[in-house]
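Here are some notes for a colleague who is reading this structure for the first time. Please keep the sequence and the 3D view open while going through the points.

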Amino acid sequence: MGRGKVQLKRIEDKISRQVTFSKRKGGLMKKANELAVLCDVEVALLIFSDRGRLYEFCSTESLEEILERYRIHAEEEAAVRKRAEQEKHGVVDHKDKQSQELQLFPKLRSNHGIEMNLAECTDLQTSGNPLQMIQRHLDTQNIELKNMTELTQLEKEMDAILRQIRFRKTQLMMDAAKAVHEETLLSLASTSSSV
C-alpha cells in the first residue's frame, strides 16, 4: 500500500516540522551518498536548519575543493553566457574575442610549470583536430609520473578545454540553425510573393 501524495507547504506544527526535517535530511544525505558511490561522482550537500545549524555531506575528502570547483565552473558558465548574449546582440568586437577568452580561462597550469594558454585550445578552426591538440598536450604531461594532486589539476585543465570545445560546438550549431531558419523564411517569403 503506497503513501498518499504529500501536499507541499510549510508544516505549521513545530514538532512535526522538526521530525520531518530530521527524517528527510537523513534520507537526502543517504541518497547523496548512494549517488556518489553508484555513479562515481563528487557530491557536496549543505543544509542549514531553521535554527541556523549546518549539516553537510561530502563524497570526497575536501568540501572546499568541491566548492572551489563549483565556483570556478559557475564563473566560467556565467562568462560564456554573457559572451554569447553579447555576440547575439552584436556587442562583441571580433578583435576583443581572444582577450575575452583569455579572461574566461586565464591560463591552465600544471604543477610542473608547463603552461597551456587558452589561445592554444580555443581557436579550434585554425588548430586542426581538437583531439590531436589534446593528445599533444597530454604527451607533454607524462601522466604516468604524476601524483593524485597533479592528475586532479590536469583533469581540471581538460575540463576547461572540453567546456570550451562544447561552447564552440554549440555556437556553430546555433549559427547553422539560424542560417537554416533564415533560408526557410526567405523561401517562404519568395513563395508567398509569387502566389
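1. Glu 42 has a relative accessible area of 43%, and therefore counts as partly exposed, since that value falls between the limits of 20% and 50%. Please keep in mind that the model is a predicted one. The side chain of Glu 42 meets that of Arg 69 in a salt bridge, with N and O 3.1 Å apart. Because Glu 42 sits in the loop between H1 and E1 while Arg 69 belongs to helix H2, this pair ties together parts that are 27 residues apart in sequence. Arg 69 is likewise partly exposed, because its relative accessibility is 34%.

2. A second salt bridge to look at joins the side chains of Glu 76 and Arg 163, at 2.4 Å from N to O. Here distant parts of the chain are linked, for Glu 76 is in helix H2 and Arg 163 in helix H7 (residues 148-194), 87 residues apart. Is Glu 76 buried or exposed? With a relative accessible area of 8%, Glu 76 is buried, and Arg 163, at 18%, counts as buried too. Salt bridges that share partners also join Glu 42, Arg 69 and Asp 159 into one network. A search of the whole structure finds 7 salt bridges, including one between Glu 12 and Arg 10, whose closest N and O atoms are 3.6 Å apart; both Glu 12 and Arg 10 are exposed.

3. Helix H2 (residues 63-88) allows a simple check of its length, because its 26 residues, at 1.5 Å a residue, should span 38 Å, and the end C-alpha atoms are 37 Å apart, which agrees. The buried residues of H2 are Leu 63, Ile 66, Glu 76, Val 80 and Arg 83. Just after H2, Gly 90 takes a positive phi of about 75°.

4. Strand E1 (residues 44-48) contains Phe 48, and its side chains alternate between two faces: Leu 45 and Ile 47 point to one face and are buried, whereas Ala 44, Leu 46 and Phe 48 point to the other and are not buried. Phe 48 counts as exposed because its relative accessibility is 57%. Together with Leu 46, Leu 54 and Leu 67, Phe 48 makes a nonpolar surface patch of about 370 Å².

5. How does E1 run relative to strand E2 (residues 54-58), and how many bridges join them? The two strands run antiparallel and are joined by 5 bridges, with Leu 46 standing opposite Glu 56 in E2. The hairpin that they form has 5 residues between the strands, and in it Gly 52 takes a positive phi near 90°.

6. Asp 40 deserves a careful look, since its phi is near 55°, a positive value in a residue other than glycine. Most residues other than glycine have a negative phi. Asp 40 lies in the loop between helix H1 (14-39) and E1, and its relative accessible area of 72% means that it is exposed.

7. In the segment before H1 we find Asp 13, which counts as partly exposed because its relative accessibility is 43%. The side chain of Asp 13 makes a polar contact with the side chain of Ser 16, at 2.8 Å.

8. For the chain as a whole, there are 7 helices and 4 strands, arranged along the sequence in the pattern α-β-β-α-α-β-β-α-α-α-α. Of its 195 residues, 24% count as buried.

How values were computed:
Residues numbered from 1 in each chain as written. Predicted model: local features only at pLDDT ≥ 70, side-chain atom pairs only at ≥ 80, totals over all residues. Heavy atoms only, no water. Patch = residues over 30% accessible without salt bridge, like charges linked within 9 Å, V, L, I, M, F, W, Y side chains within 5 Å. Areas by Shrake-Rupley, 256 points an atom, 1.4 Å probe, with all protein chains shown as cover. Salt bridge = Lys/Arg side-chain N within 4 Å of Asp/Glu carboxyl O. Buried < 20%, exposed > 50% of the residue type's maximum accessible area, 1.4 Å probe, protein only. Expected span 1.5 Å × (residues − 1). Pairing = 2+ DSSP bridges. Polar contact = N/O pair within 3.5 Å; in protein donor to acceptor, adjacent residues only side chain to side chain.
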